[in-house]
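Q: Could you take me through one part of this model in detail, namely the place where the two chains meet? I would enjoy a connected account.

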Amino acid sequence: MNSPIRRTALVASILFLALLVNVSIVQLWRQGSLSADDRNRRVLDAEFAQNRGAILAGDTQIATTTPIKDRFRYQRSYPQGSLYATVTGWYAYDFGRSGLEAKYSTELAGTASSQTVDRLVDLFTGATPVGATIQTTINAKLQQVATQQLGTKKGAVVAIDPTTGAILAMVSTPTYDPNKLATHDLAAARSAWTTLNADPGKPLSDRSTREIYPPGSTFKLVTAAAALENGMTPDTLVNTPSQLTLPNSSSVLGNESNCGNTQQTMDQALQLSCNTAFANLGATLGAEKIRAQAEKFGFDSTPMTDVNAAKSQFPAKLDAAQTMLSAIGQYDVAASPLQMAMVAAAICNNGVLKTPYLVSEVRSADLRVLYRHGPDGKPTMSTASAQALQQMMVNVVQKGTGTKAQLPGVVVGGKTGTAQTDPTKNPYAWFVSFAKNPDIAVAVFIEDANVERNDIAGGALAGPIAKAVIQASR
Amino acid sequence: MSATAVSTGDAVVHRRRPVIGLLLLVLAQVIGAAGYVLTHLDIDGRLPSGWPVVFLAWFGVGLATYVLVRWRLPHADPVLLPATFLLVGVGLGMIHRIDLIAEPARHDAETQFVWLLLGIVTAVALVFLVKDYRLLRRFPYVLFLAGLVLLLLPLSPLGVELNGSRIWIRLLGYSFQPAEVAKLVLSLAFAGYLADTKDVLAMAGPRVLGFTLPRARDLGPIAVMWVASLLVLIYQKDLGTSMLFFGLFVAMVYVATGRGSWVVLGALLFAAGGWFAYQKFAYVGVRVSSWLHPFSDYDKNYQVIQAQFGFAYGGLLGRGWGLGRPGLTPLAKSDFITAAIGEELGIVGLVAVILVYGIIVARGLRTALSCTQPFGKLLSAGLSLVFALQVFAIIGGVTRLLPLTGLTTPFMSQGGSSMVANWLVVAVMLVVSNDARRPAVVRESEADVASLSADATQVISVPQLRRSAPRTAATPSAVEEEQGAPSAQTVVVPEDEMEATAPFRLPDAPPNPSQPPQQSQRFQPEEGQ
């Protein structure tokens with residue numbers, strides 16, 4: 001009877017071996033994907049309980065972590081929460097995270113692959129691991145001024161240093177206090193979340209980089225750039241009828257300011273924001289050339305990875321009428337305030353577009369630099385065209401629709417815009433501008449401009465905000 | 001490993017190893033106690049005020065069990081008890097650790113400790129009351145019937161469906177898993193039945209394609225077990241329980257007859273039944289898909305997914321006692337206690353636990369090998385195998401090697417019926433091992449045996465009791481038994497016949513009239529030989 005017992009013993013050992021091999025497979029093979037699963041509360045909680053690194057604007061801590069006596073041990077807090085909410089985003093237990101908190105989560109938590117060595121050192125020295133510090137490019141003063149200027153208006157301001165691409169201010173209003181979502185009082189966080197989501201002002205939407213809107217007349221800068229790049233000059237005369245019937249359509253396009261009924265130079269057409277002139281320019285250039293120029297400025301691609309910025313769009317497959325409407329920023333053209341600031345920045349920087357960025361440096365707890373933003377840049381148009389366009393924009397501020405942005409002793413160029421998607425709603429007001437020495441590009445967007453629908457009114461509303469931001473940067 | 005040959009190389013004497021047994025027990029208990037201490041240090045940073053009482057109770061129970069078992073069964077396997085206490089200790093520690101998650105802390109570990117006491121008392125009572133375990137052989141059919149009734153009891157109105165399986169009954173406010181008791185009862189029944197009929201089963205039957213097929217009339221029991229297993233599979237919806245009992249039966253028939261045809265037949269029958277159930281009953285398909293693709297339905301397979309997250313979180317070395325999140329896995333104290341072990345003690349800890357189960361199975365099979373009684377062999381082998389199958393089914397289910405079953409994790413998972421039943425299994429294993437490891441009946445003299453076996457041409461006059469004849473290498477049974485059986489009894493005499501003469505009488509059993517007085521002397525080896 002013993003040899004069958006031995007054989008069954010062999011079978012039993014095979015069963016046990018199968019168990020051992022299987023548990024090893026769980027460890028070796030599946031651990032990575034299981035830990036990365038966003039339903040894995042163990043991993044999420046462990047990360048929530050980490051001593052997350054700070055986020056800095058200049059020397060100001062805009063997100064920090066303090067020890068607390070509860071099960072998570074560390075509380076994430078935002079000293080000027082609502083001021084920097086657009087930059088930091090939130091870090092909540094039940095509602096995930098956004099902004100830099102989302103994009104740089106592993107670095108902040110200290111779990112990024114670049115921090116492996118630090119983790120090993122911490123493991124052996126018994127030190128509590130501390131996450132990396134994120135240094136942003138945000139200028140505290142500009143951020144403050146832009147927020148104050150927007151006040152209770154729904155809108156956004158984006159300010160860029162055209163020579164580097166550094167984001168100096170990034171504001172979306174109405175804003176929110178991320179502390180209310182980060183609290184360990186999970187019931188309070190839940191109620192804050194419910195309130196914020198129910199708010200008609202949509203405070204959790206990032207209007208500055210993650211929403212796209214019809215850019216209206218500010219898109220004429222792109223059309224003008226395409227025209228200059230295709231052999232025209234600021235003095236080229238463009239047919240500017242007071243009314244223009246769109247091809248194969250009964251729609252009639254008119255002007256909102258006094259552009260006459262004959263011809264205008266391109267320079268004057270931009271100053272007065274003549275719709276019919278730019279519609280005709282668009283028809284002359286064709287959709288492909290405008291799209292090519294728009295894409296050089298960053299349309300149809302992700303402009304900035306630091307916050308998962310939205311792609312601005314220039315529509316594909318346009319007929320003649322749609323091309324004319326698109327040339328003046330209507331139809332399906334849509335852009336984020338960040339995108340329009342990039343257009344102004346590229347023009348200001350003599351045609352060279354620097355990729356915008358929000359994080360200049362990531363430093364480990366021992367101040368080792370884990371990441372540093374490197375210089376880049378790509379041409380969008382020739383220096384001559386850019387300088388011609390700069391002058392055209394300066395003229396807009398000097399004697400056109402943008403006079404509200406004039407700043408004595410400072411070279412300021414700009415372009416106004418209004419756009420309306422729904423006749424029952426208030427129009428969007430835009431002001432896209434730059435100033436020289438030191439260079440800065442500012443895009444102002446107001447979602448709910450309670451003014452009549454014309455560029456002068458839009459410029460009157462958004463222009464002073466841009467002016468204040470430019471002044472604050474001096 | 002625990003056996004050593006004396007002088008001639010023929011006689012095998014199992015060392016009793018009382019000191020090693022005690023040291024192993026203390027070591028095993030320290031592991032459980034360490035779990036308790038580390039849990040509190042990791043969670044609160046200090047020991048709870050009642051720790052001396054806990055230590056006293058825990059080590060006191062271990063020591064008392066050791067003394068009682070040792071006293072009654074001096075030759076019993078020295079490893080079984082420590083291995084069992086190790087599992088019990090880690091299980092209790094983990095249940096206590098999960099108790100602490102709730103606010104306020106629960107007291108399930110204390111209840112479980114009471115069940116442990118009851119299990120030990122039952123086991124010790126069995127050790128003391130069953131003077132000769134072969135008595136258990138007498139009623140195979142009654143036990144068989146009782147086992148089947150227990151197995152199918154959850155299908156009666158007493159049964160309740162828990163977590164998709166109907167393998168529990170509810171009686172007087174308590175839940176029981178009757179299969180836990182059934183595995184002991186049916187092992188006894190099969191061992192008794194097969195010890196009687198193994199020769200018939202092995203010899204008779206037509207030969208087809210190199211297999212000696214069983215006779216139709218011998219197929220009755222296997223058919224009954226097959227039908228019972230299918231009933232369990234289909235109506236109790238538990239693959240593990242079904243596999244456990246059918247596997248037990250087929251394995252024991254194989255051990256008894258040594259004929260592979262029974263295994264082939266059993267495997268085919270089980271595969272056919274399983275395929276039929278897969279085709280006919282939707283829930284089987286659901287179970288299979290939960291097993292292969294749990295992430296396709298997060299909510300339904302929440303438990304298995306949480307266990308997987310737990311294993312991943314624990315990693316190789318685990319988070320440490322009290323530092324994981326076992327509370328996120330539902331039923332972490334009972335069905336999924338191995339998931340909690342994997343999370344806090346790591347894959348390394350879980351592997352260690354699986355190996356300790358392996359040690360218990362190995363010791364049981366070792367006892368089966370060295371036991372000279374067909375009944376004892378079958379019983380020990382059967383209990384070891386059913387234990388192995390149970391561990392395989394539940395740990396395999398939790399780690400996604402197999403579809404999940406509702407079986408308990410022996411000695412670790414929370415629950416009284418399982419604790420008591422498994423202590424009874426260990427008690428029977430201890431009793432059989434005590435008998436198997438007891439030194440052989442003393443030979444007339446050490447020197448005689450040596451000279452006789454050395455002289456190949458010597459004609460030996462066999463005394464009236466043939467079992468005292470020296471072993472000759474030519475005897476087939478002696479070759480087969482190897483060191484497992486003391487040589488003095490295994491020669492010539494068929495095992496059944498030998499058993500009838502009962503050379504392994506328990507010390508306080510009534511004297512066998514057929515036994516000459518000189519045979520009652522026992523060879524007492526000294527420790528350290």
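A: Here is a walk through the interface, followed by a short look at chain A itself. This is a predicted model, in which local features need pLDDT of at least 70, side-chain atom pairs count only at pLDDT 80 or more, and totals for chains, interfaces and linings use all residues. Residues are numbered from 1 along each chain as its sequence is written, chains are lettered from A and ligands numbered from 1 in the order in which they are written, and side-chain values use heavy atoms, with hydrogens and water left out.

Let's begin with the contact surface. Chain B brings 49 residues into contact with 33 residues of chain A, where contact means heavy atoms within 4.5 Å. About 3,700 Å² is buried between the two chains, and carbon and sulfur atoms give 68% of that area; buried area here is the accessible area (1.4 Å probe) that two parts lose on being put together, summed over both.

Two salt bridges are counted between chain B and chain A, each defined as a side-chain nitrogen of Lys or Arg within 4 Å of a carboxyl oxygen of Asp or Glu. A:Arg42 and B:Glu343 form a salt bridge through their side chains, at 2.8 Å from N to O. Across the interface there are also 12 residue pairs in polar contact, both residues being at pLDDT 80 or more. Such a contact is a pair of N or O atoms within 3.5 Å; within protein, one must be able to donate a hydrogen and the other to accept it, and residues adjacent in sequence count only if both atoms are side-chain atoms.

On the chain B side, helix 8 (239-257), helix 11 (302-314), helix 12 (337-370), helix 13 (374-398) and helix 16 (476-481) each supply at least two of the touching residues. Helices (H or I, at least four residues) and strands (E, at least two) are DSSP runs, numbered from the N terminus. Helix 12 of chain B gives the largest share, 12 residues. By class, this side of chain B has 32 nonpolar, nine polar and eight charged residues; Ala, Val, Leu, Ile, Met, Phe, Trp, Tyr, Cys and Pro count as nonpolar, Asp, Glu, Lys and Arg as charged, and the others, Gly among them, as polar.

Finally, chain A has a disulfide between A:Cys259 and A:Cys274, with S to S at 2.1 Å (the cut-off for a pair of cysteine sulfur atoms is within 2.5 Å). The link is left-handed, with -95° about the S-S bond.
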